[in-house]
Amino acid sequence: MAQRSRITSLSHRSGPVALASIAVLWLAACAPSDSGVTSPPLPGTDVAPSVGLTAAFGEPFPNLTPDQLALFTAGRDEFAAVEAVDEGLGPVFNEASCQTCHLGPGTAVGGTTGRLETRFGRTRSDGTFDPMPEFGGSLIQDRGIGAVSVHGDFTFVGEVVPAEATVKTQRITTQLFGLGLVDAVPDDEFRQLALLEAATSPATAGTPNMVLDIAAKRTRVGRFGWKAQVPTLHQFSGDAYLNEMGITNPEFPNESCPQGDCAALLHNPVPALNDDGSGVQKFTDFMTLLAAPPRGPVSAQTLVGNLVFAGIGCANCHTPVLVSGNSPVAALSGKAFQPFGDFLLHDMGSLGDGIVQGSSTPRQMRTAPLWGVRTRSQLLHDGRATSIEAAILAHDGQGGQARNRFAALSTTARQALLAFLNSL
Ligand code: HEC
Ligand code: HEC
């Protein structure tokens with residue numbers, strides 16, 4: 001098993017400088033929502049941030065030390081490694097490696113193949129959400145390891161949505177590029193951003209998803225996943241290792257009960273803890289050090305499109321610039337970067353997926369960051385949109401006004417906006 005990594009948990013203290021700069025950059029990029037597209041040019045959100053933070057898809061951040069590069073490579077190998085049943089895969093699982101879902105564009109490790117997975121649940125009579133753990137919910141593991149002869153013969157099969165479920169939704173695999181920067185954003189910065197949104201654009205303002213940080217044993221601001229339901233890359237690694245692959249690990253020590261049937265685990269061929277934490281740490285290292293997506297070519301048209309983006313209120317939620325706090329990786333400390341997302345929850349009306357995680361409501365979704373969107377062919381949480389235009393037109397709830405403004409744009413302004421989005 002691997003030695004422990006030198007990348008330990010990230011510090012979450014926020015400096016006043018970082019908060020001041022995020023406010024300035026955010027306000028600069030976010031014109032008042034009724035300003036239309038005729039606003040004067042806005043100070044460059046296109047140029048200064050992100051310098052030294054992007055690389056070709058799947059490559060590490062520039063400016064890493066040789067030790068960090070070695071951690072990146074070892075982490076990437078583990079991320080690609082296909083687990084076998086005798087290593088703990090299953091008994092129920094979705095795929096046998098992280099990379100099976102997180103690959104692309106092309107051969108870049110850490111992106112998305114567009115693999116969908118299914119969640120279900122039901123609404124209780126008092127209106128609250130029931131993830132139906134007794135049926136194996138809310139996440140489906142759609143594959144089983146098959147026939148075993150452990151305490152008698154038994155066959156593990158993939159789970160299905162039970163007839164009793166009233167909520168059923170799919171979620172598409174997201175890209176992981178640049179998420180080390182998001183991990184290094186202090187909780188306070190997201191809280192301040194939510195306050196700033198409430199003050200400047202209350203109709204579209206987001207809220208943090210408050211979730212349990214298992215390692216820290218306290219509630220923190222979630223930021224990862226379609227509902228911002230996970231607070232750190234480390235926790236997501238352990239969560240995915242268990243819930244996607246069936247590999248138990250220190251923070252997630254209990255196998256998922258196949259279709260909710262915990263008695264079936266009597267036949268689990270590898271009941272002992274499957275990963276001692278070193279695998280989880282390697283995934284974390286890889287994702288922490290994976291560079292942000294490279295920007296596509298910027299032209300006069302994309303610059304106009306950037307103004308349209310701010311002018312019709314897209315940037316209210318798709319925040320152009322965030323600033324990382326302190327990180328043990330010097331290359332990631334105190335850096336302004338451009339995810340085009342605030343990682344906060346917004347009520348998206350009919351676009352909500354009906355699932356509750358952390359403090360989210362059924363209709364709230366995390367603003368999807370738009371960096372790298374030009375490489376994606378299926379958009380929105382369930383992949384329902386096959387074009388950027390279709391994705392925008394499906395915005396509802398707090399996103400409804402921006403959708404209507406988009407629909408009312410002149411052809412020139414619409415083309416400029418789409419050119420801009422296709423440069424991200
Ligand atoms: C079966 C496909 C599949 C496998 C295997 C898989 N993932 Fe994912 N991954 C997804 C999906 C789907 C999502 C979105 C999940 C959600 O929000 O509910 C996701 C989201 C993530 C995120 C959150 C990124 C963001 O946008 O905030 C991280 C981090 C992640 N996966 C890491 C991993 C790691 C590490 C592994 C291997 C241990 C792994 N994944 C294995 C499908 C997969
Ligand atoms: C109220 C906040 C809000 C506003 C305003 C908003 N969006 Fe979004 N956007 C979201 C959320 C939340 C999602 C994720 C929806 C989901 O879960 O399917 C999203 C998703 C997207 C996606 C799909 C990304 C992906 O990875 O699948 C695109 C493209 C997009 N928005 C573009 C825009 C554009 C362009 C505008 C302006 C016309 C805009 N958005 C306005 C919140 C917003």
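Here are some worked exercises on the predicted model shown above.

**Exercise 1. Get an overview**

Work out how many helices and strands the chain has, and what share of its residues count as buried.

Solution. Start with the secondary structure: the chain has ten helices and 13 strands. Next, look at burial: 52% of the 424 residues count as buried. Last, take the contacts between residues at least 6 apart in sequence: 69% of them join residues at least 24 apart.

**Exercise 2. Two packed helices**

Decide how H7 and H10 are oriented to each other, and find which residues make the contact.

Solution. Two packed helices are described by the angle between their axes and the distance between the axes. For helix H7 (residues 300-311) and helix H10 (residues 411-421), the angle is about 100° and the axes are 7 Å apart. Angles of 65 to 115 degrees count as roughly perpendicular, so H7 and H10 are roughly perpendicular to each other. Now for the contact itself: H7 brings in Gln301, Thr302, Val304, Gly305, Asn306, Val308 and Phe309, while H10 supplies Ala413, Ala416, Leu417, Ala419 and Phe420. Sort these residues by class and you get eight nonpolar, four polar and no charged.

**Exercise 3. Two ligand shells**

Describe what surrounds ligand 1, then do likewise for ligand 2.

Solution. Take ligand 1 to begin with. Its shell holds 25 residues, and the closest are Asn94, Cys98, Cys101, Thr174 and Gly225. Strand E7 (167-172), helix H5 (233-245) and helix H6 (278-289) are the elements that give two or more residues to this shell. The largest share, seven residues, is from H5. By class, the shell around ligand 1 has 13 nonpolar, seven polar and five charged residues.

Now move to ligand 2. Here 28 residues surround the ligand, with Cys314, Cys317, Met365, Leu379 and Leu380 the closest. Helix H8 (388-393) and helix H9 (400-407) each give two or more residues, and H8 has the largest share with three residues. The class split around ligand 2 is 18 nonpolar, ten polar and no charged.

**Exercise 4. Two loop residues**

Say whether Gln338 is buried or exposed, and do likewise for Gly104.

Solution. Find Gln338 in the loop between strand E11 (336-337) and strand E12 (345-347). A residue needs 20 or more other C-beta atoms within 10 Å to count as buried; Gln338 has 27, so Gln338 is buried. Leaving out residues up to four places away in sequence, Gln338 touches Pro49, Ser50, Pro320, Val321 and Trp371. Leu181 is 157 residues away from Gln338 in sequence, yet their C-alpha atoms are 9.9 Å apart.

Gly104 sits in the loop between strand E1 (92-93) and strand E2 (116-123). With 21 other C-beta atoms within 10 Å, Gly104 is buried. Beyond its neighbours within four places in sequence, Gly104 is in contact with Gly111, Thr112 and Thr113. Phe57 is 47 residues from Gly104 along the sequence, but 8.0 Å away from C-alpha to C-alpha.

**Exercise 5. A small sheet**

Put the three strands of the open sheet in order and pick out the edge strands.

Solution. The order is E3-E2-E7, and the pairing is antiparallel. Strand E3 (129-130) and E7 are the edge strands, as each pairs on one side only. Then zoom in on E2 and E3: two bridges join them, and Arg122 has Asp130 in E3 as its bridge partner.

Notes. Residues numbered from 1 in each chain as written. Chains lettered and ligands numbered in written order. Predicted model: local features only at pLDDT ≥ 70, side-chain atom pairs only at ≥ 80, totals over all residues. Axes fitted to C-alpha atoms, helices over the stretch in contact; angles between N-to-C directions. Helix = DSSP H or I, 4+ residues; strand = E, 2+ residues; numbered from the N terminus. Parallel < 35°, antiparallel > 145°, perpendicular 65-115°, else oblique. Contact = placed C-beta atoms within 7 Å. Nonpolar A, V, L, I, M, F, W, Y, C, P; charged D, E, K, R; others polar. Near = placed C-beta within 6 Å. Buried ≥ 20, exposed ≤ 12 C-beta atoms within 10 Å, placed from the backbone. Pairing = 2+ DSSP bridges.
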